[in-house]
Amino acid sequence: MRKLASTLTKEEIEDKVRKVVVNYLQSDPGSVKPESRFVDDLGADSLDLTELAVAFEDEFNLEIPDSDFGQLSTVAGVVTYIGQRLGVGAERA
């Protein structure tokens, strides 16, 4: 049973983002870190970026406008963006 996106924790979002990146970019899981840049560090090209955006939309059941995704260059950036869109982690410790 899939957990509703709105009930995910930041850690669960990060795990799901990493799994999508590993799957679509065929990256070594150990090389996908929060600071990893999709193009420079993980070797993504423009088609890969489009596929990643669609995969994130499917995984989290939300729409990511091209203008927004174009600004997201790192794994951490995507995690933060999706968390904000889902209202996760609004309160910081």
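# A salt bridge within helix α1

Lys19 and Asp15 both belong to helix α1, which covers residues 10-25, and they stand four residues apart, about one turn of the helix; helices here (H or I, at least four residues) are DSSP runs, numbered from the N terminus. This is a predicted model, in which local features need pLDDT of at least 70 and side-chain atom pairs count only at pLDDT 80 or more, while totals for chains, interfaces and linings use all residues. Residues are numbered from 1 along each chain as its sequence is written, and side-chain values use heavy atoms, with hydrogens and water left out.

The side chains of Lys19 and Asp15 form a salt bridge, with N to O at 3.2 Å; the term stands for a side-chain nitrogen of Lys or Arg within 4 Å of a carboxyl oxygen of Asp or Glu. An α-helix has 3.6 residues a turn, so residues three or four places apart point the same way. Lys19 counts as exposed at 54% relative accessibility, whereas Asp15 is partly exposed at 38%, where buried means under 20% relative accessible area, exposed over 50%, and partly exposed in between (1.4 Å probe, protein chains only).

# A network around Arg37

The count of salt bridges comes to four, and among them are two that involve Arg37. Arg37 pairs with Asp40, the closest N and O atoms being 3.8 Å apart, and its side chain also meets that of Asp41 at 3.1 Å, N to O. Arg37, Asp40 and Asp41 are thus linked in a network of salt bridges.

As for accessibility, Arg37 is partly exposed at 38%, and Asp41 is likewise partly exposed, at 41%, whereas Asp40 is exposed, with a relative accessible area of 56%.

# The nonpolar core and helix α4

The largest nonpolar core has 26 residues, of which Ile13, Val17, Val21, Phe56, Phe60 and Ile82 touch the most other members; such a core is a set of buried Ala, Val, Leu, Ile, Met, Phe, Trp, Tyr and Cys residues joined through side-chain atoms within 4.5 Å. At least two residues of this core come from each of α1, α2 (46-60) and α4 (75-86), and the largest share, six residues, is supplied by α4. In soluble globular proteins, nonpolar side chains tend to be buried together.

Within α4, the buried residues are Val75, Val78, Val79, Tyr81, Ile82, Gly83 and Leu86, and the buried residues of this helix pack against α1, α2 and α3 (66-69), with contact meaning heavy atoms within 4.5 Å. The twelve residues of α4 should span 16 Å at 1.5 Å a residue, and its end C-alpha atoms are 17 Å apart, which agrees; the expected span is 1.5 Å times one less than the number of residues. Just after α4, Gly87 takes a positive phi of about 75°.

# An annotated serine

The unreviewed UniProt entry carries the annotation "modified residue: O-(pantetheine 4'-phosphoryl)serine" at Ser46; UniProt positions are given in the numbering used here, feature names are shortened, and annotations may be inferred rather than shown by experiment. Ser46 is found in helix α2 and counts as exposed, at 59% relative accessibility.

# Positive phi in two loops

Gln26, in the loop between α1 and α2, has a phi near 50°, a positive value in a residue other than glycine, and it is exposed, with a relative accessible area of 71%. Asn61, in the loop between α2 and α3, has a positive phi near 55° and is exposed, with a relative accessible area of 71%.
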